[in-house]
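Colleague: Please pick one part of this model and take a close look at it for me. I'd like to hear how it is built and what it pairs with.

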Amino acid sequence: MKHLVSGALLAAAIAAAPLGAAYAEINELKIIAPAAPGGGWDQTARSIQHVLQSDKLVGNVQVLNVPGAGGTIGLAQFVNSSKGDPNVMIVGGYVMVGAIITNKSPVNLSMVTPIARLTGEYEAIAVPAASPLKSLADLVAALKADPQKVSWAGGSAGGTDHITAGLFTKAIGVDPRKVNYIAFSGGGESLASLLGGKVTVGISSLSEYDAQAKAGKLRILGVSSAARLPEAPDVPTFKEAGVDVEIQNWRMIAAAPGITPAQKQELSQTIEKMVKSKAWTEMLAQKGWANTYLSGEAFDAQLAKDIAATQTILKDIGLAQ
Amino acid sequence: MDTFAALGSGVMVALQPINLLFAFVGVMLGTAVGVLPGIGPALTVALLLPITFKLDPAGSLIMFAGIYYGGMYGGSTASILLNTPGESSSIVTALEGNKMARAGRGGPALATAAIGSFVAGTIATIGLALIAPTVVDIAISFGPEDYFALMVLAFTTVSAAFGSSVTRGLTSLFLGLSLGLIGIDLQSGQARLSFSVPDLLDGVEVTTLAVALFAIGETLSVVAAGARADEIIEPVKGSVFMNREDWKRSWKPWLRGTFLGFPIGAMPAGGAEIPTFLSYALEKRLCKKPGEFGNGAIEGVAGPEAANNAAAAGVLVPLLTLGLPTSATAAIMLAGFQQYGMNPGPLLFATNPDLVWGLIASLFIANGMLLVLNLPLVGLWVRLLAIPRPWLYGGILVFATLGTLGANPSLVELGMLLIFGLLGYVLRRYDYPIAPVVVGLILGPLSEQQLRRALAISVGDPLVLFQSPVALTLYALSALALFGPLLFYILTGRKAPVGADED
Amino acid sequence: MSDSRPTSTAGPDKGRFVIAFALAILSLVVGWDAWRLSGINTYSAVGPGAFPAIISAGLALLALANAVEAVREGAQERPRDEIGPMAWVLGGLIGQIVLLAFGAGFAIATGWLFAATAKGFGRGPVWGHFLAGAVLCFVIYVVFAKGLQLALPAGPLERLI
């Protein structure tokens with residue numbers, strides 16, 4: 001019954017929409033999570049769903065999972081089927097930027113209407129506690145001596161971890177194609193190989209290493225943020241060690257292509273309200289996600305910069321032409 | 001002694017009526033989703049996370065534990081009765097279990113699976129409580145070269161155990177290996193055999209292939225046989241429950257399955273499938289009536305089911321001791337821990353002892369509850385087979401496509417189900433074994449990735465493969481599996497009990 | 001095993017020849033892909049083309065072995081398969097995909113699958129089974145959407161709730 005009512009309200013809203021912005025409250029929203037249930041994007045989508053509904057910012061929110069190929073399958077479906085539809089949004093992230101390039105995806109992020117960056121994580125480089133590498137300077141020296149001898153454990157080839165390893169190597173003047181990168185399919189497996197001392201260094205998001213570092217099993221050499229992070233104040237940034245690399249594995253929400261500026265404005269406002277809500281802050285704290293909210297032109301510019309940099313480094317690593 | 005005190009207080013936490021209710025809801029839900037191919041505990045817990053985050057942490061983690069173990073039960077029930085493996089770790093169970101069900105021995109098959117799961121789950125959970133830190137140190141010391149050797153062992157034992165014709169068995173295996181190539185190569189990021197179809201970039205899903213080959217292929221074969229296959233499936237022949245001989249033939253496989261499943265499950269890259277393969281191969285070797293294998297041998301259900309459940313408990317070893325999620329379900333459980341602000345990692349036992357022990361205790365309770373709930377239901381479950389065939393097979397196809405669509409609402413996925421279903425029909429028609437196709441799909445990519453990792457770390461030096469004692473031991477076992485029967489023949493002058501004998 | 005174990009007659013086994021031929025084609029496809037991959041310059045010690053090359057070679061050998069066995073074991077008499085009932089089941093599966101592609105939704109598409117399968121096994125009428133199947137699947141849809149928050153494909157029926 002509730003849905004019949006909200007459906008009727010929706011119909012009324014659509015009919016009333018041209019009359020004025022005051023009536024254009026969003027009653028129904030579908031969020032596409034371009035990943036299987038449980039993954040980061042899915043959890044982001046479901047967190048958004050939860051907060052939008054509990055704070056009554058949107059009447060009814062549905063999450064639709066369209067997994068596959070680093071999010072590019074969901075993106076393609078979104079671009080192709082929801083043109084001009086203000087009631088559909090998609091969750092995405094930095095991983096998509098790389099996947100679009102390496103998978104030669106026919107659709108890309110210029111075909112959607114980015115609304116805002118919501119959360120993000122920073123990359124960290126870690127070594128086993130017993131490793132002779134004590135600092136980023138030691139790692140730089142080892143890489144300069146022989147990049148092949150330094151094996152990196154991280155996620156799948158061409159992903160954020162691999163890109164960061166490539167950027168790091170390139171920044172110190174070593175050919176990024178020589179990065180001896182060992183891809184693992186899950187965080188647990190790559191962490192196990194690092195703890196077992198099977199690889200020289202591990203590269204992943206800071207949160208994966210944090211607990212192990214606190215227990216004294218790993219040593220985190222550095223993070224990819226601009227300044228030191230509150231959760232790891234003792235860990236220097238790459239920049240402090242003279243390696244000019246800054247990268248954030250962010251997640252965002254975008255709207256459909258071809259919506260009107262007014263519709264974009266409204267969605268942006270709704271998302272902004274959500275980000276400023278208490279429920280969202282609590283949700284982020286619960287999940288351990290950092291709030292890296294960025295919207296409007298600042299986000300557009302950051303996105304363009306990320307896409308260009310990713311294109312270059314993937315070419316340098318040899319994963320894109 | 002501390003351990004027992006801690007476990008005792010954990011039991012007290014888990015035995016509170018409200019937590020018992022959570023456990024009950026969990027096992028019921030887990031069983032329900034476990035039955036559906038493609039939809040498993042990982043997905044269910046993931047979907048429930050946002051709903052449960054306002055609940056009390058102990059309660060919801062206990063519910064997740066129930067879902068986790070319940071999923072295993074549901075997976076094997078579907079395998080045995082419907083031949084639609086609900087989870088990839090219950091594929092092996094379908095081999096003998098469904099044959100038994102068709103011969104009117106579904107009751108004993110379900111019972112040995114349930115009791116075996118209980119025995120294995122209990123022993124493995126005790127292992128988890130007592131020796132987790134020791135086990136995890138050994139598990140972590142496994143390198144890619146050791147895993148590769150483990151895969152070689154799985155390949156050799158499994159290929160010796162499937163089918164009577166070497167050519168046919170290898171043909172099926174290589175079909176599976178070819179399917180395993182499809183998708184993005186993890187190490188290089190290159191797309192293989194994807195022909196620019198984006199849906200193929202993630203490769204072939206194991207449950208999709210297994211359900212297509214087993215359930216849809218079988219439906220097509222039966223319907224094509226028409227009146228010829230009009231044998232009546234007797235739901236019950238003899239006792240619904242296990243008889244004396246069933247018990248005698250089951251208890252050793254339960255124990256052996258447990259000792260294969262727990263350590264391999266505890267390895268970060270071990271998984272739950274490999275122990276079920278190894279257990280099946282081992283039971284076939286040790287069985288006094290090897291001729292029954294392929295026609296419904298109870299050992300072939302008891303061993304793999306125990307292995308599968310022990311592996312499920314094993315997966316929790318690296319999760320609870322180190323915070324390492326080594327399976328999809330473990331990763332979601334970890335997300336559950338994080339949701340309640342717990343520090344997932346080596347300090348979990350120290351920082352949140354009542355929760356960890358509450359969880360371990362609730363695993364015992366979930367296990368017991370599943371046994372108590374499932375055994376009386378065995379008689380009811382087997383009645384499923386009394387449903388007239390048009391409805392039974394119609395229902396099987398609905399189930400198969402429902403699971404696939406629920407996990408991934410993609411028409412390409414349904415198309416694969418159809419194509420692999422036809423493949424399953426053709427393979428049956430020309431007497432090629434089905435299981436090696438699935439084995440190839442699972443083991444092919446795993447072994448390739450481990451080999452390439454090992455060689456990348458050693459910068460291309462192949463000697464690294466033969467330097468670790470663990471790897472050498474595993475190779476020796478592989479050689480024994482391959483040439484053992486031959487050796488047996490030479491030494492005794494008798495024909496080996498089971499072997500790769502060509503027709 | 002026993003009922004389908006064929007008896008041997010004169011001449012080669014045509015069915016297995018076709019299988020051998022299909023394996024040869026598969027070997028070529030995998031081999032071609034391996035060749036394409038070997039041209040891509042990657043950093044790793046063993047490239048993405050190595051395993052495909054081995055599998056391609058294995059498939060080629062198996063194609064040969066199957067062909068040899070087809071000749072050696074001779075033609076096999078296999079019981080005829082009934083095309084009609086099979087067509088119903090296949091029609092059910094294909095129909096489900098087509099209906100979903102046209103947005104008919106889970107209940108209607110899967111209801112058709114149920115009806116067609118039942119018909120293939122000799123139980124009609126298709127309409128009655130379709131209705132029963134669609135109702136059953138609609139209930140499943142509701143349970144999934146409400147209980148698990150999992151979106152199965154929605155059509156006109158599903159949008160009613």
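Modeller: Let's start with residues 394-427 of chain B, a span that is 91% helix and 0% strand, with its end C-alpha atoms 22 Å apart. Helices here are DSSP runs of H or I with at least four residues, strands are runs of E with at least two, and both are numbered from the N terminus. The model is a predicted one, so to speak: local features need pLDDT of at least 70, side-chain atom pairs count only at pLDDT 80 or more, totals for chains, interfaces and linings use all residues, and side-chain values use heavy atoms, without hydrogens or water. Residues are numbered from 1 along each chain as its sequence is written, while chains are lettered from A and ligands numbered from 1 in the order in which they are written.

An unreviewed UniProt entry lists 394-427 of chain B as a "transmembrane region", and its list also includes 315-335. UniProt positions are given in the numbering used here, feature names are shortened, and annotations may be inferred rather than shown by experiment. Residues 315-335 of chain B are 76% helix and 0% strand, and their end C-alpha atoms lie 15 Å apart.

Elsewhere in chain B, helix α11 (residues 273-286) has 14 residues and reaches 20 Å between its end C-alpha atoms, close to the 20 Å expected. That expectation is 1.5 Å times one less than the number of residues. Of the 14 residues in α11(B), 11 are buried, where buried means under 20% relative accessible area, exposed over 50% and partly exposed in between (1.4 Å probe, protein chains only). Among them are B:F277, B:Y280 and B:E283.

B:E283, at 1% relative accessibility, forms a salt bridge with B:R256, the closest N and O atoms being 2.9 Å apart. The term stands for a side-chain nitrogen of Lys or Arg within 4 Å of a carboxyl oxygen of Asp or Glu. B:R256 lies in helix α10 (residues 244-266) of chain B and B:E283 in α11(B), so the pair ties together parts 27 residues apart in sequence. B:R256 itself is partly exposed, at 26%.

A second pair crosses between chains, from B:R429 in helix α17 (residues 411-429) of chain B to C:D81 in the loop between β2 (76-77) and α3 (83-101) of chain C. B:R429 is partly exposed at 22%, whereas C:D81 is buried at 14%. Shared partners also join B:R168, C:R16, C:E69 and C:E73 into one salt-bridge network. The closest N and O atoms of B:R429 and C:D81 are 3.5 Å apart, and the count between chain C and chain B is 2 salt bridges.

Now for the wider interface with chain C. Each of the two chains brings 68 residues to the contact, meaning heavy atoms within 4.5 Å. Together they bury about 5800 Å², 72% of it on carbon and sulfur atoms. Buried area is the accessible area (1.4 Å probe) that two parts lose on being put together, summed over both. C:F51, C:F121 and C:L148 supply 12% of the area that chain C buries against chain B, more than any other three residues.

C:L148 also appears among the buried residues of α5(C), which include C:F130 and C:F144. The 23 residues of this helix (residues 126-148) should span 33 Å, and the end C-alpha atoms are 31 Å apart, which agrees. Just after α5(C) comes C:Q149, with a positive phi near 60 degrees.
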